[in-house]
Amino acid sequence: MRRSDFFKTALGAAAVAGLSGFTRRDNKAIRPAEVWPAIDPEDEQFWKFVRTQFPLTDERAYLNTGGLGASPYAVIDAVKAKMDELEKVAETGHSEELWKEVKTDAAQLFGCDPTELAFTRNATEGINIVCNGLPLKRGDEMITTTHEHVGNAVPWLALLKREGIIINLFEPSTLSAQENVDRIEKLITKRTRLISVPHATTTTGQVLPIKAIAALTKTKGIWLFVDGAQTAGMFPFSLHDLGCDAYATSGHKWMLGPKETGFLYVRKDMLDVVQPKTVGAYSGNGFDLEKRTFDFTPSAQRYEYGTVSIPLRFGLGAAIRFLQKIGMENVWKRDQSLSTRLFTGLKSIPYVTVLSPESKTERSALVTFKHEKVPYGDLQRHLDTYKLRTRGVGEGGVNALRISTHLYNMPEEVDRALEAIKSAYKG
Ligand SMILES: Cc1ncc(COP(=O)(O)O)c(C=O)c1O
């Protein structure tokens, strides 16, 4: 169906009428559309349609996907339907076939093999699996940034407490991508075993040059772990191409999945290096207690264990299909267009300094800024009164405000945020 035909249908008319002028204030569900308009990232009508696929109301502008993503009806309905189906028969619904299907779709999104993916509850769980599974011992050194989220800080600090590893820190530089590679290189010693960096920092959304860092670690026999909580579902990438050894992410941020979902990627040849420590049913291919034998699965499923929520995994699969339907290139175009609108607008507001990188290749859909005259906590409270949900950034002493823009946000919401920021200081 062509776009013009779509908008002539009852469904299309309802979808567009419901959003005309972008004034929908109720929370009336327009259920997932069976027929989609032509996907055209340049067409504002298409993105208005996408917005109708989320229960988000227009009263509040949700600008914190970096904290938690909104889920579309397609995901919510998938979770509910699976739960209804399973509760009728009180079964777990565990199905290796379903798991394989979801991992196959995820592997397409991440550019890896499905057998290199494990389901996790969140990015933090994936980080813990790597942190506790690598053979790191007292005196071994690792390098990370001063801008880590608690999820990629506390597991390593706990390892420091428990095992006496040494953590060396560098401050991410927005000068250039190469400057970050240089800062890492300066910290490398003979005892460096691991580099653990975010794909995009939680603080300023800066995309770090993972490929260049991987090239460096490879020559020196150092492991590279990437915290991908802020990039999966935001832009297309290939883990095989990036060259990291392991990568953990959330399903419930940019991927739009149900809450308490995530993925851990461990490259095939690293599966025997990252030891599974929390294990049980599904970690292995059977066991024999009498003979005292047990083998791990030959895949990253070895990091999974015990009873899990099938509705959540089913919903995560629906989220990936939703993203795939739009196409990651198109999702990224939309996210970039919104964040560039914000970035440019912020730069013209007196007393505002944008902390996110100038370079387009290092900038993501997270934009962080400071107001010289208004402390960030006060600014956030001011924006709250305009019903704008933002996130304060205290990590690394950044003390600033972060705005995330994803495919369900509209240019009008960005403009609302800019107007509200302008009104925060009347000097
Ligand atoms: C860079 C980074 N790492 C890890 C996390 C933790 O994610 P989760 O809550 O899914 O464990 C976050 C959450 O905001 C994050 O921004």
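Colleague: Which residues around the ligand come nearest?
Modeller: The model is predicted. In this model, 15 residues lie around the ligand. Of these, the ones that come nearest are N122, T124, G151, T202 and S250.

Colleague: How many residues of the shell around the ligand are nonpolar, polar and charged?
Modeller: Glycine is placed with the polar residues in this division. On that basis the shell around the ligand holds three nonpolar, one charged and eleven polar residues.

Colleague: Where is the protein divided, and how far apart are the C-alpha centres of domain 1 and domain 2?
Modeller: Domain 1 is made of two segments, 3–70 and 327–422, and domain 2 spans 78–323. Their C-alpha centres are separated by 27 Å.

Colleague: Which element gives the most to the side of domain 1 that touches domain 2?
Modeller: The contact takes 25 residues from domain 1 and 24 from domain 2. On the side of domain 1, two elements give two or more residues, β12 (366–371) and α12 (328–347). With five residues, the element that gives the most is α12.

Colleague: By class, what does the side of domain 1 that touches domain 2 have?
Modeller: Domain 1 brings 25 residues to this contact. By class they are five charged, eight polar and twelve nonpolar.

Colleague: At what angle do helix α5 and helix α11 pack, and what is the hand of the crossing?
Modeller: A packed pair of helices is described by the angle and the distance between the two axes. For α5 (residues 96–110) and α11 (residues 310–326), the axes are 10 Å apart and the angle is about 35°. The crossing of α5 and α11 is left-handed.

Colleague: Which residues of α5 meet α11, and how many residues of the contact are nonpolar?
Modeller: From α5 the contact takes L98, W99, E101, V102, D105, A106 and L109. Their partners in α11 are R313, F314, L316, G317, I320, R321, L323 and Q324. By class the contact has four charged residues, two polar and, for the nonpolar, nine.

Colleague: Why is helix α6 described as largely enclosed by the rest of the structure?
Modeller: Helix α6 runs over residues 123–133. The buried residues include T124, which is also among those nearest the ligand. The cover over the buried residues includes α7 (154–163) and the strands β2 (117–120), β6 (223–227), β7 (246–250) and β8 (262–266). Helix α6 is called largely enclosed because the number of its eleven residues that are buried is ten.

Colleague: Is V414 buried or exposed?
Modeller: V414 is found in helix α14 (residues 411–422). Leaving out residues up to four places away in sequence, V414 touches L338, R341, L342, G345, T405 and N409. The cut-off for burial is 20 or more other C-beta atoms within 10 Å. V414 has 25, so the class is buried.

Colleague: How far apart in space are V414 and D227?
Modeller: In sequence, V414 and D227 are 187 residues apart. From C-alpha to C-alpha, their separation in space is 27 Å.

Colleague: Is Y282 buried or exposed?
Modeller: Y282 sits in the loop between β8 and β9 (284–288). Its phi is positive, about 85°, although Y282 is not a glycine. Y282 has 20 C-beta neighbours inside 10 Å, so it counts as buried.

Colleague: Is R292 buried or exposed?
Modeller: R292 lies in the loop between β9 and β10 (293–296). R292 is a residue other than glycine with a positive phi, near 60°. Because R292 has 7 C-beta neighbours inside 10 Å, it counts as exposed.

Notes
Residues are numbered from 1 along each chain as its sequence is written. This is a predicted model: local features need pLDDT of at least 70, side-chain atom pairs count only at pLDDT 80 or more; totals for chains, interfaces and linings use all residues. A residue is near a molecule or strand if its C-beta atom, placed from the backbone, lies within 6 Å of it. Domain bounds come from an automatic or database domain assignment. Two residues are in contact if their C-beta atoms, placed from the backbone, lie within 7 Å. Helices (H or I, at least four residues) and strands (E, at least two) are DSSP runs, numbered from the N terminus. Axes are lines fitted to C-alpha atoms, for helices over the stretch in contact, and angles run from 0 to 180 degrees between N-to-C directions. A crossing is left-handed if the near helix is turned anticlockwise from the far one by less than a right angle, and right-handed if clockwise. A residue is buried if 20 or more other C-beta atoms lie within 10 Å of its own, exposed if 12 or fewer, and partly exposed in between; C-beta atoms are placed from the backbone.
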